[in-house]
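Subject: Handover of a structure

Dear colleague,

I am passing the structure below to you for your records. Please read the notes that follow with the structure open beside them.

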Amino acid sequence: ELGSAAGLTVRGRFARRDAKIHFDMEFVNGQATPVTSVALRFNLNTFGLQPADVTVTAPTPVAPGTTGRASAIVTLSPAHVKKGSPPDLNVEAAMRDNTSGAVLKFVIKIPFQVLFVEDGEVPQASFIEQWQTIPEENELETTLSGVVSTNLADASAGLASVQAKLSKNNVFYIAQRRLEDGQIKVYCSLKTATGLPVMLELTFKNGFDLCKLCLKSRQPAASPFVRDAIEAILKSA
């Protein structure tokens, strides 16, 4: 829930559909007037997110005492980037009901994976070349727990759900290999909406629900966001 004002309660989240970022809203209208449209604004933020149109119209007016939805397409604008501050996934926003005038101010966190774009796949040869040319100091390693079935005896079957979850979120499978000790290494690539390529190595082992994640990019400041996004993707239903 983002907040309430004058009888209007709003819930919202960022999502990616049809190669675009959307801000999906749900209105619980306890006002005396219908919600037909709202004005939506984002303050300056790390990635320059802003609604493509300030006015967001509900497909169907949300009558008093009912619940309805609306969605805004969100774009990235260099002019809307917040400079001089550490990278931050939070977006400060304000919304006004254009009928009643009720105003809500709220802060919402961006799931970083909504910034993963559809053209982030690289050829296997390019993957190896990019991996080797990114300095070691730009590498982030971590262990994620509770992200996979403990039964990976059959690599192709055991990792199918992992690959499906990653693919659904524009994390592209490049290759995999099984080591002599039974570990399975999966190599993936992604690219953010800001144009940043990221190379991933995920290591799994039969009997463990852990994943060792190693990632490389030319902007190390983004690596913790990628790590958290990959963990959220792997833990999703």
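I begin with the hairpin formed by β2 and β3, where two residues lie between the strands and Asp 18 adopts a positive phi near 55 degrees. Please bear in mind throughout that this is a predicted model.

The two strands of this hairpin, β2 (residues 8-17) and β3 (residues 20-29), run antiparallel and are joined by 10 bridges. Two positions may help you to find the register. Arg 13 has Asp 24 in β3 as its bridge partner, and Ala 15 stands opposite His 22 of β3.

On β3 there is a further pairing to note. With strand β7 (residues 67-76), β3 forms eight bridges, again in the antiparallel sense. Within this pairing, Met 25 is matched with Ala 70 in β7. As for exposure, β3 is mostly covered, since eight of its 10 residues are buried.

These strands belong to a wider arrangement. They are part of an open sheet of five strands, ordered β1-β2-β3-β7-β5 and paired in antiparallel fashion. Its edges are β1 (3-5) and β5 (49-51), each of which pairs on one side only. On average, and with direction ignored, neighbouring strands of the sheet are turned by 35 degrees against each other. As general background, the strands of a sheet pair through backbone hydrogen bonds, in either a parallel or an antiparallel way.

I turn next to the largest pocket, which holds about 400 Å³ of space. Its lining consists of 18 residues, and those nearest the centre are Arg 16, Gln 113, Val 114, Lys 168 and Asn 169. Which element gives the largest share of this lining? That element is β2, with five residues. The strand β2 thus appears here as well as in the sheet. At least two lining residues each come from β2, α3 (160-168) and α4 (223-235). By character, the lining of the largest pocket divides into eight nonpolar, four polar and six charged residues.

A separate point concerns the cysteines. How many disulfides does a search of the whole structure find? The search finds zero. For Cys 188, the closest cysteine sulfur is that of Cys 211, and no bond is assigned because the distance of 9.3 Å is too far. The converse also holds: seen from Cys 211, the closest cysteine sulfur is in Cys 188, at 9.3 Å, which is too far for a bond. A disulfide would require the two sulfur atoms to lie within 2.5 Å. Both residues are covered: Cys 188 counts as buried because its relative accessibility is 1%, and Cys 211 counts as buried because its relative accessibility is 0%.

Finally, some overall figures for orientation. The protein chain contains four helices and 14 strands. Of its 237 residues, 44% count as buried. Taken along the principal axes, the C-alpha atoms of the chain fill a box of roughly 70 × 40 × 25 Å.

With kind regards

How values were computed: Residues numbered from 1 in each chain as written. Predicted model: local features only at pLDDT ≥ 70, side-chain atom pairs only at ≥ 80, totals over all residues. Heavy atoms only, no water. Pairing = 2+ DSSP bridges. Axes fitted to C-alpha atoms, helices over the stretch in contact; angles between N-to-C directions. 1 Å grid on protein atoms, 1.4 Å probe; cavity = no way out; pocket = protein on both sides within 12 Å on 5 of 7 lines; lining within 4 Å. Points joined across faces, edges and corners; volume = space filled by probe spheres on them. Nonpolar A, V, L, I, M, F, W, Y, C, P; charged D, E, K, R; others polar. Buried < 20%, exposed > 50% of the residue type's maximum accessible area, 1.4 Å probe, protein only.
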